Amino acid sequence: YDGTESNIEYRFGRFGQAAVFNGTDSKIDTGAGLVSNQSAFTFSVWVNFDNLSTHNMIISNSELSGNGQLMLYGWTDGNIYFQPDSTSSSNRGYLSTSGLMTINQWVHIVMVFDGSATGNSNRLKVYIQGVEESLTYSGTIPSSTGTVTNNTYIGGRGSQSHSFHGKIDQVRIYDAALTSSQVT
């Protein structure tokens, strides 16, 4: 999927050219709802933050009906979040990223979701620079399936705000849960 871009520039990235997001209204619409919160998938992305004190949407299916909002984003508290539930912002896994995320430095983030219906701790894994990190959960990952009513976005979320502020490169969305050796 090449996607439809809005207010994107391209500059030297981690590998060739990277998309540069302005932190206001930049986004790439993939043109398809690529994942659901009850199917195995993996997000792999290289990011370079210009600012860690703003809401930085990395990948989003944020306009779903029922449970099933899917977002990978950086928040103003410096954490990286995975939120698989549109009904409550407290139902999310998060990685306390103290020291892991800095501005103007490329970071490889991989989120792996196994699609099973039980147990938060085994359902979602996150890798930073190829190393598995421990997630903290507030709430639970819902067991009901969300219905995709909009597309998957990179660097933004549909008609809503929270555009990424920085560069994104080498986005890969797999319809399977990668193993740790595949992530490496």
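These are my notebook entries on a predicted model.

**Overall make-up**

I began with the whole protein. I found 2 helices and 17 strands. Of its 184 residues, 49% count as buried. The accessible surface comes to about 8100 Å². Carbon and sulfur atoms hold 44% of that surface. I then looked at contacts with a separation of 6 or more. Residues 24 or more positions apart account for 63% of them.

**Nonpolar cores**

Next I looked up the largest nonpolar core. It has 26 residues. Which of them touch the most other members? I listed Phe21, Val47, Ile58, Leu72, Ile109, Met111 and Ile168. I then checked which strands supply at least two residues of this core. They are β3 (17-22), β5 (41-49), β6 (56-61), β9 (80-83), β11 (107-113) and β12 (124-128). The largest share, 5 residues, comes from β5. I also noted a second, separate core of 5 residues. Val110, Tyr127, Leu178 and Val183 are among its members. In soluble globular proteins, nonpolar side chains tend to be buried together.

I picked Ile109 for a contact list. I left aside its neighbours within four places in sequence. Ile109 is in contact with Phe43, Ser44, Val45 and Val47. The list for Ile109 also includes Ile58, Leu72, Ile80, Met101, Val126, Tyr127 and Ile128.

**Strand β5**

I went back to β5 to check its cover. 9 of its 9 residues are buried. In a regular strand the side chains alternate between the two faces of the sheet. I therefore split the strand by face, given that alternation. On one side I have Phe41, Phe43, Val45, Val47 and Phe49, all buried. On the other I have Thr42, Ser44, Trp46 and Asn48, also all buried.

Which strands pair with β5? β11 runs antiparallel to β5, and 7 bridges join them. Phe43 has Met111 as its bridge partner in β11. Strand β17 (residues 165-174) also pairs with β5 in the antiparallel sense, over 7 bridges. There, Thr42 stands opposite Tyr174.

**Lys167**

I stayed with β17, which holds Lys167. Is Lys167 buried or exposed? I found it buried, yet without a salt bridge. The nearest side chain of opposite charge is Asp50, 4.2 Å away. The salt-bridge cut-off is 4 Å, so this pair does not count as one.

I then listed what Lys167 touches, not counting residues up to four places away in sequence. The list holds Phe12, Ala18, Ala19, Val20, Trp46, Val47, Asn48, Asp50 and Trp106. Trp46, Val47 and Asn48 are among the buried residues of β5.

Notes
Residues numbered from 1 in each chain as written. Predicted model: local features only at pLDDT ≥ 70, side-chain atom pairs only at ≥ 80, totals over all residues. Heavy atoms only, no water. Core = buried A, V, L, I, M, F, W, Y, C linked by side-chain atoms within 4.5 Å. Buried < 20%, exposed > 50% of the residue type's maximum accessible area, 1.4 Å probe, protein only. Helix = DSSP H or I, 4+ residues; strand = E, 2+ residues; numbered from the N terminus. Contact = heavy atoms within 4.5 Å. Pairing = 2+ DSSP bridges. Lys, Arg positive; Asp, Glu negative; His and termini not counted. Areas by Shrake-Rupley, 256 points an atom, 1.4 Å probe, with all protein chains shown as cover.
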